[in-house]
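Me: I would like to go through this model with you and ask, for each label, what value stands behind it.

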Amino acid sequence: MLLITAFLANGLLALIVILFHYEVLFQLDKNLPKVAHIAPRFKVLLGVGAIFLAHVFEIWVFALGYYATLQFPAMGNLVGELSGHGILLDCAYLSFITFTTVGYGEIVAQGYLRYLTGVEALTGLILITWSASFLFIEMQKYWTVYKTNQTKQFK
C-alpha cells in the first residue's frame, strides 16, 4: 500500500510541475510578442528570467513533496550530511540537486522516498530541455528580427 501511495503522490507532483511549466511556456509564447516597449533581443532575456523562476517554483514543489513525505516515517527518510538548518532546507537542497540532475550524493533519500528522486530527476531533465528548446526558438525569432532591423538602419 505504501508503494502505491508513493507512486500516486510522485505522479501527482510530476503532473503539477509539468502542467505549470506548460502554462508558463504557453503564456510566454503568447505574451512576448505583445511586449512592444523593449528591444526584441531583450524579450529573450525576459523569457530566460521567467523560465528560471518557473524552474525554482517547480523545484520547491518537489521540495515540499519531500517534506510532506517525511512526515510519515514509514515512507522513508533523508540520510547523509544534513545541514542542521532544518529539514525543509535539506529537502530544498536535495530537490535542487536532483531536479538539475547534479546529484552530489551527500544527502540521500531512503525508503519509498527515493522513488521521488527518480521521478524528479526525469521530470527536471525533461523540463530543462523543453525550456532550452523553447528559448532556442525564441532566440531565432527575436534575434533575427533584431539583426534585420540593424541591417536596415545601416542601408
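**Labels and their grounds**

Me: How do you know that the span of α3 agrees with its 13 residues?

Reply: At 1.5 Å a residue, the 13 residues of α3 should span 18 Å, and the end C-alpha atoms of α3 are 18 Å apart, so the two agree; the expected span is 1.5 Å times one less than the number of residues. Helices here are DSSP runs of H or I with at least four residues, and strands are runs of E with at least two, numbered from the N terminus. The model is predicted: local features need pLDDT of at least 70 and side-chain atom pairs count only at pLDDT 80 or more, while totals for chains, interfaces and linings use all residues. Residues are numbered from 1 along each chain as its sequence is written, and side-chain values use heavy atoms, with hydrogens and water left out.

Me: Which residues of α3 are called buried?

Reply: Buried means under 20% relative accessible area, with a 1.4 Å probe and protein chains only; in α3 this holds for Asp-90, Cys-91, Ala-92, Leu-94, Ser-95, Ile-97, Thr-98 and Phe-99.

Me: Why is the chain, with its 4 helices and 2 strands, called more spread out than a compact globule?

Reply: The radius of gyration, taken over C-alpha atoms, is 20 Å, well over the 15 Å that the globule rule gives for 155 residues, so the chain is more spread out than a compact globule. That rule is 2.2 Å times the number of residues to the power 0.38. Along its principal axes the C-alpha trace spans about 70 × 30 × 20 Å.

Methods
Buried means under 20% relative accessible area, exposed over 50%, partly exposed in between (1.4 Å probe, protein chains only).
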